[in-house]
Amino acid sequence: MTTYQRIVLASRPTGEVQPDNFRLETKDIPAIKDGELLVRNQYLSLDPYMRGRMSTNKSYAAPQALDETMIGGTVGVVLESKHPKFAVGDTVVGTLGWTEVAVSDGTMLRKVDTTHIPASAYLGAVGMPGMTAWYGLNQIMAPKAGETVVVSAASGAVGSVVGQLAKLKGCRVVGIAGGAEKCAYVVKELGFDACVDYKAGNLQDDLAAATPDGIDAIFENVGGAVFDAALARTNAFGRVALCGWIAGYNGEPTPIDNARFILTNRLTVRGFIVSEQPEFWPQGLAELGSLVATGKLAFRESVAEGLASAPDAFIGLLKGRNFGKQLVKLG
Ligand SMILES: NC(=O)c1ccc[n+]([C@@H]2O[C@H](COP(=O)([O-])OP(=O)(O)OC[C@H]3O[C@@H](n4cnc5c(N)ncnc54)[C@H](OP(=O)(O)O)[C@@H]3O)[C@@H](O)[C@H]2O)c1
């Protein structure tokens, strides 16, 4: 193998992401120098935050550069190593981007054990999305047993973990998801107490029926109408972990009519970015890893095959076509 393929950002989207915002390139595999290693990626992680990086709008992180490899989480195997901490055959998790192979100096790369945890799970339940769930739930919502917790995008990478962790804490957990199939999965496979299908056309009434005692804590992944409906059901001194606003990532208007409940119910609303407090990651990942390894934390994956499938899979993620953690499997 002397060449590899990668996908670069070719242009910035206005509105919905289009396939021609990306470009597939073939490159020569470079020789590694001392202190470097060559990794062959097995899985790429596709995540909603990438939409933000594709634009130049002000955000918490710098935009993705044009004509450079699309950023993203990866898990792969070391093919060659001149780095003292990594050996050929090691499985490594990092952010090597949308590429079949990459040279790394080891920065932001960590070795993982795949004996009891599948490699792909390090991009989902035992990776950044799982950690997002763990952090928002434990550090912001801090729900007590018996409280009602609502989670939007409930069948997804983050939402599925939030709900299961909240169930382990003894909460009543209600998901919100798009479609009957996703809702059935959320209740039957993930063990939520109820799930409301926001696409069924009766969100406010269905959510009221599923939260007879009101809502004590919201884990918000979607924003817009979904968040608006949940705000109206909050109890006094409720907490909101504001994690994502995917309904507006393509620039759609997402008005909120029920913001007054933040005042009248004296809510604590905190937006967060999971990378902001790295000191929590070792504890969170250890807990998540142990739950996955012992079969106490379920997860589901949508796996697209081959690097060239990444743009369509990413566009699908922003439209809810994924069902669980969206990955791309490389050959
Ligand atoms: N703050 C942080 O540090 C942090 C870290 C990771 C992720 N996040 C955020 O967490 C959220 C979930 O991320 P994830 O990786 O777990 O993704 P995911 O839930 O696995 O996939 C995204 C899901 O969002 C829903 N969705 C997409 N477009 C929507 C729309 N227009 N309106 C309503 N729902 C829509 C879809 O589910 P339905 O079919 O059920 O609608 C889709 O399956 C995202 O907002 C993401 O940006 C934040």
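**A walk from a buried loop residue to the ligand**

F280 is buried, because its relative accessible area is 17%, and residues under 20% are counted as buried. This value, like every other one described here, is computed from a predicted model. As for its place along the chain, F280 belongs to the loop between β13 (268-271) and α8 (281-293). In sequence F280 and Q139 are 141 residues apart, and yet in space their C-alpha atoms are 9.5 Å apart.

Another buried residue can be found in a strand rather than in a loop. S104 lies in strand β6, which covers residues 101-104, and S104 is buried with a relative accessible area of 6%. The side chain of S104 has a polar atom that lies 2.8 Å from the backbone nitrogen of G106.

From single residues we can turn to the way in which strands are joined to one another, beginning with β3, β4 and β5. Strand β3 (residues 37-45) pairs with strand β4 (residues 74-81) in the antiparallel sense, and seven bridges connect them; within this pairing, L38 stands opposite E80 of β4. Strand β4 is also joined to strand β5 (residues 91-94), again by an antiparallel pairing, here with four bridges, and G76 has V92 in β5 as its bridge partner. Strand β4 therefore has pairings with both β3 and β5.

A second group of strands, β8, β9 and β10, is paired in the parallel sense. Strand β8 (residues 148-152) and β9 are joined by five bridges, and one place to look for this pairing is V151, which stands opposite G175 in β9. On the other side of the description, β9 pairs with strand β10 (residues 194-197) over four bridges, where I176 has V196 of β10 as its bridge partner. Between β9 and β10 the chain passes through helix α4 (residues 180-188), and this β-α-β crossover is right-handed. A right-handed β-α-β unit is also made by β8, α3 and β9. Why can strand β9 be called largely enclosed by the rest of the structure? The reason is that five of the six residues of β9, which spans residues 172-177, are buried.

Helix α3 leads us on to the ligand, since α3 (157-168) and α2 (128-141) each supply at least two residues of the shell around the ligand. In total, 27 residues surround the ligand, and the closest are K182, Y198, Y249, V274 and N322. When the shell is sorted by class, 18 of its residues are nonpolar, eight are polar and one is charged.

Several polar atoms of the protein can be located beside those of the ligand. An N or O atom in the side chain of N322 is 2.6 Å from an oxygen atom of the ligand, while for A157 a backbone N or O atom lies 3.0 Å from a ligand oxygen atom. A nitrogen atom of the ligand, in turn, is 3.0 Å from a polar backbone atom of C243. Taken alone, the ligand would expose 910 Å², and the protein buries 92% of that area.

Terms used
Residues numbered from 1 in each chain as written. Predicted model: local features only at pLDDT ≥ 70, side-chain atom pairs only at ≥ 80, totals over all residues. Heavy atoms only, no water. Near = heavy atom within 4 Å. Polar contact = N/O pair within 3.5 Å; in protein donor to acceptor, adjacent residues only side chain to side chain. Areas by Shrake-Rupley, 256 points an atom, 1.4 Å probe, with all protein chains shown as cover. Nonpolar A, V, L, I, M, F, W, Y, C, P; charged D, E, K, R; others polar. Buried < 20%, exposed > 50% of the residue type's maximum accessible area, 1.4 Å probe, protein only. Pairing = 2+ DSSP bridges. Right-handed = clockwise from strand over helix to strand, strands pointing away.
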